[in-house]
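Here is a short set of exercises to work through with the model open beside you. Try each task before you read its solution.

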Amino acid sequence: MCGTCGCGEGETRIEGKAHHAHSHEPREIELHRDIMAKNDAYADANRRLFAEKDILALNLVSSPGSGKTSLLVKTIEAMSGPVAVIEGDQQTSNDATRIRATGAPAVQINTGKGCHLDAHMVGHGLEDLDPDPGATVFIENVGNLVCPAGFDLGEASKVVVFSITEGEDKPLKYPDMFAAADLALINKIDLLPYLDFDMDLAIENARRVNPKLDILPVSATSGEGMENWLTWIATARAKTGLSAAAE
Amino acid sequence: MHEISLCEDIRTTLEEEAVKQNFNQVTKIWLDIGPLSCVEPEALRFGFDAVMRGSVAEGAALEIHAPKGDAYCLACHSKVQVTSRFDTCPNCGAAELQITGGDALKIRKLEVV
């Protein structure tokens with residue numbers, strides 16, 4: 001219905017040209033507007049905040065059960081310098097509780113029916129978290145290898161975690177996420193002796209989707225490969241133009 | 001179903017444009033959804049009608065255009081077209097393709113009254 005004159009509802013037509021100023025003739029408007037513009041504006045604001053506070057932000061993405069939180073707990077325990085965590089899950093604050101047990105501050109975001117974190121939620125999470133200058137901020141996304149791929153949160157890099165129990169073809173099944181990531185952590189390698197997992201094939205599949213992807217096999221349980229991951233984080237700080245983490 | 005939240009962002013944009021550009025109703029909307037974007041066009045279409053209900057775009061026709069996916073072959077250094085992230089190079093068969101285009105998500109054009 002025309003909001004000005006009321007015509008257009010059902011069969012209603014109101015005669016006369018002078019009753020309002022606009023035309024009822026259809027017209028076309030070239031908009032060329034990015035659908036993600038709103039999210040991207042919030043992501044830019046987050047990115048500015050990270051730069052101002054000399055913070056490295058990493059967005060951890062994976063399917064549910066890849067061992068993200070366990071990996072994060074072990075990473076925080078091994079890291080020097082301030083660390084803070086934003087936890088995303090549909091429900092419960094279990095993960096934030098596990099992170100706080102390490103002494104690191106954590107904020108839990110429950111997305112309710114939502115399948116991903118967006119930059120607006122993360123911005124509000126950061127207000128509550130108020131991370132220390134020079135910190136590393138880990139954003140543990142909702143366990144979902146599809147939707148979080150499309151949402152920039154303002155992070156320096158997406159890090160995709162996939163565990164060897166998920167199969168070598170995970171990168172081919174969920175290519176968008178592997179394409180969006182800068183690093184893949186292949187987790188739970190302590191289980192290699194018990195599984196029929198072809199590491200070379202997994203790496204080949206991941207590189208097929210993203211030739212520039214860094215790949216590090218790790219085990220949060222045994223600690224194997226964790227040094228390489230910590231070195232990658234330190235290098236990411238330098239690449240992002242941030243100072244070296246405080247000891 | 002992140003397509004629903006994208007529909008909600010589209011709805012907000014259209015409501016804002018209606019005020020800015022002085023129109024009452026969107027009768028048709030043209031979207032560019034790249035084949036290498038993270039959006040499934042059919043899921044977007046499914047959510048679109050429901051999300052637009054009660055807005056300036058209620059009942060609007062939806063036209064989805066899929067621009068071509070562009071890639072650069074790191075092996076033979078040629079520019080090629082692809083439809084998925086794990087296509088191989090149509091020239092040399094190599095798998096090392098760097099995607100350079102085709103992930104657009106845009107509201108291109110509106111028909112309004």
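**Exercise 1. Charged pairs**

Task: Find how many salt bridges the rule counts over all chains, then take A:Arg47 and work out which parts of chain A its salt bridge ties together.

Solution. Start with the total: the count over all chains comes to 15 salt bridges, in a model that is predicted. Next, look at the side chain of A:Arg47, which forms a salt bridge with A:Asp152. The closest N and O atoms of this pair are 2.8 Å apart, and the cut-off to test against is 4 Å, so the pair passes. Finally, place the two residues: A:Arg47 sits in helix α1 (residues 37–52) of chain A, while A:Asp152 belongs to the loop between β5 (136–140) and β6 (157–163), so the salt bridge joins parts that are 105 residues apart in sequence.

**Exercise 2. The interface of the two chains**

Task: Describe the contact of chain A with chain B, going from area to residues to polar pairs.

Solution. Begin with area. Chain A and chain B bury about 3200 Å² between them, and 59% of it is on carbon and sulfur atoms. On the side of chain A, the residues that lose the most area to chain B are A:Ile29, A:Ile35 and A:Arg208, together 22% of what that side buries.

Now count residues: chain A gives 34 to the contact and chain B gives 35.

Then turn to the polar pairs. There are four salt bridges between chain A and chain B. In one salt bridge, the side chain of A:Glu28 meets that of B:Lys109 at 3.1 Å, N to O. Across the interface, 14 residue pairs are in polar contact.

Last, ask which elements of chain A are involved. Those giving two or more residues to the side that touches chain B are β1 (27–34), α6 (175–180) and α7 (199–209). The largest share, eight residues, comes from β1(A). By type, the residues on this side of chain A divide into 17 nonpolar, seven polar and 10 charged.

**Exercise 3. Two helices of chain A**

Task: Decide how α2(A) and α8(A) are oriented to each other, and list the residues through which they meet.

Solution. Two packed helices are described by the angle between their axes and the distance between the axes. For helix α2 (residues 68–78) and helix α8 (residues 226–239) of chain A, the axes come within 11 Å and cross at roughly 70°. Angles of 65 to 115 degrees count as roughly perpendicular, and therefore α2(A) and α8(A) are roughly perpendicular to each other. From α2(A) come A:Leu71, A:Lys74, A:Thr75 and A:Ala78, which meet A:Met226, A:Trp229, A:Leu230 and A:Ile233 of α8(A). Sorted by type, the residues of this contact are six nonpolar, one polar and one charged.

**Exercise 4. Loop residues**

Task: Locate A:Asp118 and find its partners, then examine phi at A:Asp54 and A:Thr92.

Solution. A:Asp118 lies in the loop between β4 (106–110) and α4 (119–129) of chain A. A polar atom of the side chain of A:Asp118 is 2.9 Å from the backbone nitrogen of A:Met121. Setting aside neighbours within four places in sequence, A:Asp118 is in contact with A:Asn39, A:Phe151 and A:Leu153.

For the backbone, A:Asp54 has a positive phi, near 60°, and is not a glycine; A:Asp54 lies in the loop between α1 and β2 (56–62) of chain A. A:Thr92, also not a glycine, has a positive phi of about 70° and lies in the loop between β3 (83–89) and α3 (94–100) of chain A.

Notes. Residues numbered from 1 in each chain as written. Chains lettered and ligands numbered in written order. Predicted model: local features only at pLDDT ≥ 70, side-chain atom pairs only at ≥ 80, totals over all residues. Heavy atoms only, no water. Axes fitted to C-alpha atoms, helices over the stretch in contact; angles between N-to-C directions. Helix = DSSP H or I, 4+ residues; strand = E, 2+ residues; numbered from the N terminus. Parallel < 35°, antiparallel > 145°, perpendicular 65-115°, else oblique. Contact = heavy atoms within 4.5 Å. Nonpolar A, V, L, I, M, F, W, Y, C, P; charged D, E, K, R; others polar. Buried area = accessible area lost by both parts, 1.4 Å probe. Polar contact = N/O pair within 3.5 Å; in protein donor to acceptor, adjacent residues only side chain to side chain.
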